[in-house]
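Hi everyone, thanks for coming. I'll walk through one model today, so please have the viewer open and follow along.

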Amino acid sequence: MNDVLQLKGDFFQKPNSSRPGAPNLPKGTKVNINHLKRLQEDLERLYQFWNEEKIFQGALISVFYTRVVPKSRRINGFLSKGSKPANSSIVGARFSNDEKRKHIITHYVTLDILEESINRVRNSILLFKEIFNDNISQGDLENIKEKNIDFHKYKISKTNFLKIIVDSHYVEKFSLIENKNNFDQNSIITIYKTDVETSLLMERIGIKLLPSRIIDGITMLLDPSQFMLLYEKAPYLIAMVTEDISKLTKDDFSNSIESSKMSIPRPTNEPIVGVIDTMFDDRVYFSEWVEFKNMLSDDIPLEPNDYKHGTAVSSIIVDGANINPNLDDGCGRFRVRHFGVAIQKQFSSFSILKSIKEIVAANKDIKIWNLSLGSKDEINPNFISVEAAILDKLQYENDIIFIISGTNKAMSDNEEKAIGSPADSINSLVVNSVDDKNEPASYLRKGIVLSFFNKPDVSYYGGGNHEKGIRVCMPTGEAFVVGTSFAAPWITRKMAYLIGIIGLRREVAKALIIDSSTDWKTTYTIEKASILGHGVVPKRIEDVVKSQDDEIKFVLSGVSEKYDTYNYNIPVPIHKDKHPFVAKATLCYFPKCSRNQGVDYTNTELDISFGRINKNTIKSIDKNKQSIEDETHYLYEGEMRKNFRKWDNSKHIKEVLKDRSKAKKTYINRMWGISIKTKERLETKDGEGICFGVVITLKELEGVNRIDNFIQNCSLRGWLVNKINVENRIDIYTKANEEIEFE
């Protein structure tokens with residue numbers, strides 16, 4: 001097998017040179033004046049409503065679009081004023097419940113901005129009626145100069161008139177959204193962000209909140225009476241609601257049996273993995289490898305069952321390969337810092353969130369965290385869970401990664417069930433489970449998240465269907481367990497190996513894990529991805545950090561500083577004047593996310609193109625043309641999300657290997673290139689300085705090993721090439737962590 005190569009070289013950066021043209025309608029479309037009048041009536045009703053409300057000075061306005069819209073098709077003339085674009089006032093986004101999915105985006109604006117919008121649409125209607133009669137077409141806007149319109153007469157600029165007309169084509173109506181929920185337990189409520197601080201806002205409604213009951217500024221814990229008061233007085237404020245008390249997803253345990261006493265050497269300098277789970281029993285044979293801290297109040301009584309799950313999870317991370325020889329991954333053993341945050345019966349999500357933030361802040365040395373707790377409740381299709389949002393924020397702000405179980409349903413439950421929180425965490429690596437024949441386990445729950453994001457990420461062996469399960473250590477002895485809770489720790493071990501021992505960045509390590517689960521012949525489908533993610537990760541770590549003899553696998557990492565981060569200097573080998581390869585690539589990055597943006601959750605999009613260079617343009621292997629400059633491509637947002645995973649932070653592109661696959665012709669340039677284009681959803685430029693990792697694999701069509709030729713060509717082109725050799729990296733890690741005694 002060939003070692004995976006690490007290529008180090010310069011990525012070049014350039015800003016976006018394209019500039020938007022004048023606003024125009026899609027080809028062949030038109031806008032009717034009556035639609036504009038209805039939009040004016042909507043805004044006038046909303047102005048009257050908000051002018052009478054006294055809780056805050058502004059207005060919440062929900063824009064109901066005609067379809068899923070990209071950022072470039074969000075309103076630009078409505079709800080904007082001067083240099084403040086409408087996009088900067090967005091405080092929420094969701095999809096409609098219609099058969100045809102549509103965007104509903106909520107803005108918080110001042111009353112003078114709302115009044116400005118009413119005046120703009122009123123003046124636009126006057127101009128519309130006198131100049132265009134009942135309809136305006138795409139051609140009318142394109143040739144508007146020929147009409148010599150005196151825009152000053154109608155008290156509106158030409159640009160604002162065009163924006164209002166184009167906006168109205170994509171907008172169905174303006175209205176309010178009111179969440180209809182009624183919980184009889186404590187609830188975690190997220191409100192729309194306004195210009196009033198949350199505790200003061202609640203006080204005006206009649207709800208007094210302690211600071212400890214507010215998290216991330218706009219999310220709070222309310223009891224049933226407080227929730228009902230909020231719902232009665234200001235239902236329009238409620239953006240998201242979930243119950244606070246969650247029951248743990250069920251894992252199946254066999255009766256534990258006492259086994260012969262196992263032995264384990266003393267820990268030395270092995271990497272430390274963080275585990276956040278139920279309690280840990282320090283009487284087990286590997287307890288010296290685990291540092292345990294109970295994060296619960298001393299007032300909470302603990303029962304024997306509260307120690308089972310957490311102890312079992314840590315036993316896999318510490319010694320899984322030894323106690324499950326059939327799953328020996330070659331990763332060795334790991335030390336664990338285990339934090340008990342829940343008991344087996346149920347837990348408070350709000351309390352766990354506060355504990356996790358405290359734990360991560362106090363343990364900066366830990367880079368890999370295992371979280372095998374999950375809720376029995378299904379995720380919401382319109383917003384990310386509070387738990388997942390906190391994990392995503394922690395991973396954006398810190399150089400860490402969470403590996404999370406995909407959650408389970410009961411073995412007897414034959415109905416499909418969506419995954420539970422926090423398995424909807426976008427930045428985390430989420431793991432579902434297969435049996436020993438690589439078949440989906442019967443207890444699996446399904447993604448996708450927010451109808452689009454690819455969760456779970458991968459699958460691994462968690463027992464089930466026709467086998468006795470994964471062997472673990474319980475407080476009372478040996479046990480065999482089944483569940484995604486026991487698939488996730490195996491991936492945690494691999495991530496700990498890649499980051500802690502090999503020394504890879506988390507973006508590259510995550511990309512390697514995902515890439516290793518893919519093959520050359522399977523075509524991506526939403527149905528498959530919703531169950532298994534990208535695929536099943538191989539057992540042995542060698543199959544992650546090595547490739548077949550007829551493959552060249554290399555990793556790249558970089559930082560996006562401008563719109564386009566690129567390198568057009570990758571020397572893919574040539575034979576008989578052709579490139580005898582098919583290719584695949586996996587990209588991973590950890591974006592800033594905004595829960596209050598609802599379905600438009602990730603703030604930054606990195607769009608990858610990889611392929612041959614033709615006329616200074618990358619001919620990408622996935623035929624991705626959405627970011628090609630100097631060309632016009634009519635692609636709908638829904639299609640780009642489906643076909644090119646737009647806004648997803650883990651992307652896998654490939655050429656499917658077929659019997660008729662042929663070598664590719666070379667162009668004049670003869671090089672291949674990679675381009676990472678950065679796009680922002682909001683005005684805050686959250687993508688500046690974002691790190692990314694890419695894994696690229698080339699498969700030789702005739703089975704020839706051309707890696708030496710590739711290494712030589714890369715060196716000639718200025719790349720620094722390192723082999724990720726397992727044995728060498730272990731030696732380096734061991735020597736780097738030796739204790740030196742000075743005489």
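I'll start with confidence, then go through helix packing, then some single residues and the backbone.

First, the ground rules. This is a predicted model, where local features need pLDDT of at least 70, side-chain atom pairs count only at pLDDT 80 or more, and totals for chains, interfaces and linings use all residues. Residues are numbered from 1 along each chain as its sequence is written, and side-chain values use heavy atoms, with hydrogens and water left out.

Okay, confidence. pLDDT is the predictor's confidence in each residue, from 0 to 100. The mean for this protein is 89, and 92% of the residues reach 70 or more. The stretch to watch is 630-634, where pLDDT stays under 50. For those residues the model has two contacts beyond four places in sequence, a contact being heavy atoms within 4.5 Å. Where pLDDT is low, the predicted coordinates should not be read in detail.

Now the helices. When I say helix or strand, I mean a DSSP run, numbered from the N terminus: H or I with at least four residues for helices, E with at least two for strands. Axes are lines fitted to C-alpha atoms, for helices over the stretch in contact, and angles run from 0 to 180 degrees between N-to-C directions.

Go to α10, residues 488-501, and α11, residues 506-516. Their axes come within 9 Å and cross at roughly 135°. That makes α10 oblique to α11; on this scale, under 35 degrees is roughly parallel, over 145 roughly antiparallel, 65 to 115 roughly perpendicular, and the rest oblique. The crossing is right-handed, meaning that the near helix is turned clockwise from the far one by less than a right angle; anticlockwise would be left-handed.

Who makes that contact? On the α10 side we have I491, K494, M495, L498 and I499, and on the α11 side R506, A509, K510, L512 and I513. By type, the contact residues split into seven nonpolar, three charged and no polar. For that count, Ala, Val, Leu, Ile, Met, Phe, Trp, Tyr, Cys and Pro are nonpolar, Asp, Glu, Lys and Arg are charged, and the others, Gly among them, are polar.

Stay on α11 for a second. Eleven of its eleven residues are buried, so α11 is largely enclosed by the rest of the structure. Buried here is under 20% relative accessible area, exposed is over 50%, and partly exposed is in between, with a 1.4 Å probe and protein chains only. The buried set includes charged-type names such as R506, E507, K510 and D515.

The other pair is α1, residues 33-52, with α4. These pack at about 90°, axes 10 Å apart, and are therefore roughly perpendicular to each other. H35, L36 and L39 of α1 meet I164, I165 and S168 of α4. This contact divides into four nonpolar, two polar and no charged.

Next, two buried residues in loops. R74 sits in the loop between β4 (58-65) and β5 (90-95). How accessible is R74? It is buried, with a relative accessible area of 7%. Leaving out residues up to four places away in sequence, R74 touches Y65, V69, N87, I90, I105, D167, D600 and R681.

K446 is in the loop between β21 and β22, and at 14% relative accessibility it counts as buried. With that same sequence cut-off, K446 touches E416, K417, A418, I419, E527, S530 and I531.

For contrast, K354 is found in helix α8, residues 349-362, and is partly exposed at 35%. Its C-alpha atom is 8.1 Å from that of I215, with the two positions 139 residues apart along the chain.

Last bit: the backbone. Most residues other than glycine have a negative phi, and most peptide bonds are trans. N148, in the loop between α3 (138-142) and α4 (158-170), has a positive phi near 50° and is exposed at 69%. D577 has a positive phi of about 65°; this residue lies in the loop between β27 (564-570) and β28 (578-579) and is partly exposed at 46%.

As for cis bonds, one joins S421 and P422, with omega about 0°, and P422 is in the loop between β20 (401-405) and β21 (429-434). Another runs from K455 to P456, omega near 0°, with P456 in the loop between β21 and β22 (458-461).

That's my tour; over to you.
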